[in-house]
Amino acid sequence: MKMIDTHAHMDNIFYLRDQDKVINNAIEKGIEQIITIGINVESSKQSIQLAEKYPQIYASVGIHPQCVNQLLDESVLNEIEQFAKHPKVVAIGEAGLDHKYGQANDEFARRIFIGQIQIAKKRDLPIVVHSWLSHNEVIEILTKEGIPRSGGIIHCFDEDWETAKKYLSLGMYVSLSGICTYKENSFLLEVIEKIPIEKLLLETDSPYISPEPNRTKRNNPSRVLDVAKFVSEVRKEPFEYIKEKVTENARKIFKI
Ligand SMILES: [Zn+2]
């Protein structure tokens, strides 16, 4: 059973020297498809180029909240909307709010986030949401705006089960990454145990947050298998079953 890495940044500078090698290695190890996620206009463009080069790669296009400080105005949303018409673009994002390393101007960041939700609705694509220390605000915006008909994903989920339930009640998918294997994040074990399997996605967020036992190393899409292994152990369900279910979920939301 092959797997999909639903969230990686393959245009990242950490892959500058060996991007093709990393992608081909992941494919060889059983990663059937990779969703590469844009964080600004340039990175979204590069994500599309990768998707054109590799049949296994699909792109998400958007403006990451850590990139909003680089923007002069909201005109970038027009570019994202144009990119979204590309046949290999399967989602909008990552978009959201970030009170850790993110926006200097909250009001502007909210407008960029909401603008991307609107593009997702217009293009009938799911939205990939990033939230750091911002869950209340992000949930409030998603509740008010409504998630796109194609759905939404809270990526790299890093909060407790109570917060997860709020996203689930909005109809969103919860995506778990390598951080759920870290000792200090034991609060995520309850999320792993309780989340309905049909709402679970797995990702690497490569090149960051490599799962244990490779935590300190550069991450790559093949390590989504390690996240799946960990989830199968916590849920006491077979590895093959977890892989099959999360792959089914990924195919459904990204329509791939
Ligand atoms: Zn990301």
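This report describes the strands, helices, core and unusual backbone positions of the structure shown above.

The coordinates are a predicted model, in which local features need a pLDDT of at least 70 and side-chain atom pairs count only at pLDDT 80 or more, while totals for chains, interfaces and linings use all residues. Residues are numbered from 1 along each chain as its sequence is written.

**The sheet**

Helices (H or I, at least four residues) and strands (E, at least two) are DSSP runs, numbered from the N terminus. Eight strands form an open sheet in the order S1-S2-S3-S4-S5-S6-S7-S8, with parallel pairing, where two strands pair if DSSP finds at least two bridges between them. Strand S1 (3-8) and strand S8 (200-202) are the edge strands, each pairing on one side only. Direction ignored, neighbouring strands of this sheet are turned by 25° against each other on average; axes are lines fitted to C-alpha atoms, for helices over the stretch in contact, and angles run from 0 to 180 degrees between N-to-C directions.

Several of the pairings can be followed residue by residue. S1 and S2 run parallel and share four bridges, with Ala-8 opposite Thr-36 in S2. Strand S3 (residues 57-61) and strand S4 (residues 89-98) are joined in the parallel sense by three bridges, and Ser-60 stands opposite Ala-91 in S4. S6 and S7, also parallel, are joined by two bridges, and Ile-153 has Tyr-173 of S7 as its bridge partner.

A residue is buried if 20 or more other C-beta atoms lie within 10 Å of its own, exposed if 12 or fewer, and partly exposed in between, with C-beta atoms placed from the backbone. By this count six of the seven residues of S2 are buried, so S2 is largely enclosed by the rest of the structure. S7 is covered on both faces, since Tyr-173 and Ser-175 on one side and Val-174 and Leu-176 on the other are all buried.

**The core and two of its surroundings**

A nonpolar core is a set of buried Ala, Val, Leu, Ile, Met, Phe, Trp, Tyr and Cys residues joined through C-beta atoms within 7 Å. The largest one here has 76 residues, and those with the most contacts inside it are Ile-92, Ile-127, Val-174, Leu-176 and Ala-228.

Two residues are in contact if their C-beta atoms, placed from the backbone, lie within 7 Å. Leu-176, in strand S7, counts as buried with 28 C-beta neighbours inside 10 Å. Neighbours within four places in sequence aside, Leu-176 is in contact with Phe-157, Ile-192, Leu-200, Leu-202, Val-227 and Val-231. Ala-228, with the same kind of neighbours left aside, is in contact with Met-3, Leu-202, Phe-239, Ile-242, Lys-243 and Val-246.

**Helices H9 and H4**

The expected span of a helix is 1.5 Å times one less than its number of residues, and the table sets this beside the reach from first to last C-alpha.

| Helix | Residues | Length | Reach | Expected |
|---|---|---|---|---|
| H4 | 106-123 | 18 residues | 26 Å | 26 Å |
| H9 | 239-254 | 16 residues | 22 Å | 22 Å |

The buried residues of H9 are Ile-242, Lys-243, Val-246, Thr-247, Asn-249, Ala-250, Ile-253 and Phe-254. They cover an arc of only 160° around the axis, which puts them on the same side of H9; the arc is that of the directions from the helix axis to the C-beta atoms. The face turned away from this buried side carries the exposed residues Glu-240 and Glu-248.

In H4, the buried residues are Ala-109, Ile-112, Phe-113, Gly-115, Gln-116, Ile-117, Ile-119 and Ala-120, and their cover includes helix H3 (76-83), S4, strand S5 (127-132) and helix H5 (135-145).

**Backbone positions to check**

Lys-255, just after H9, takes a positive phi of about 55°. Asp-124, which is not a glycine, has a positive phi of about 60°; Asp-124 is found in the loop between H4 and S5 and counts as exposed, with 11 C-beta neighbours inside 10 Å. Asp-205, likewise not a glycine, has a positive phi of about 55°, but with 25 C-beta neighbours inside 10 Å Asp-205 counts as buried.

Cis peptide bonds join Gly-93 to Glu-94, with omega about 20°, and Ser-206 to Pro-207, with omega about 5°. Glu-94 lies in strand S4, whereas Pro-207 is in the loop between S8 and helix H8 (224-235).
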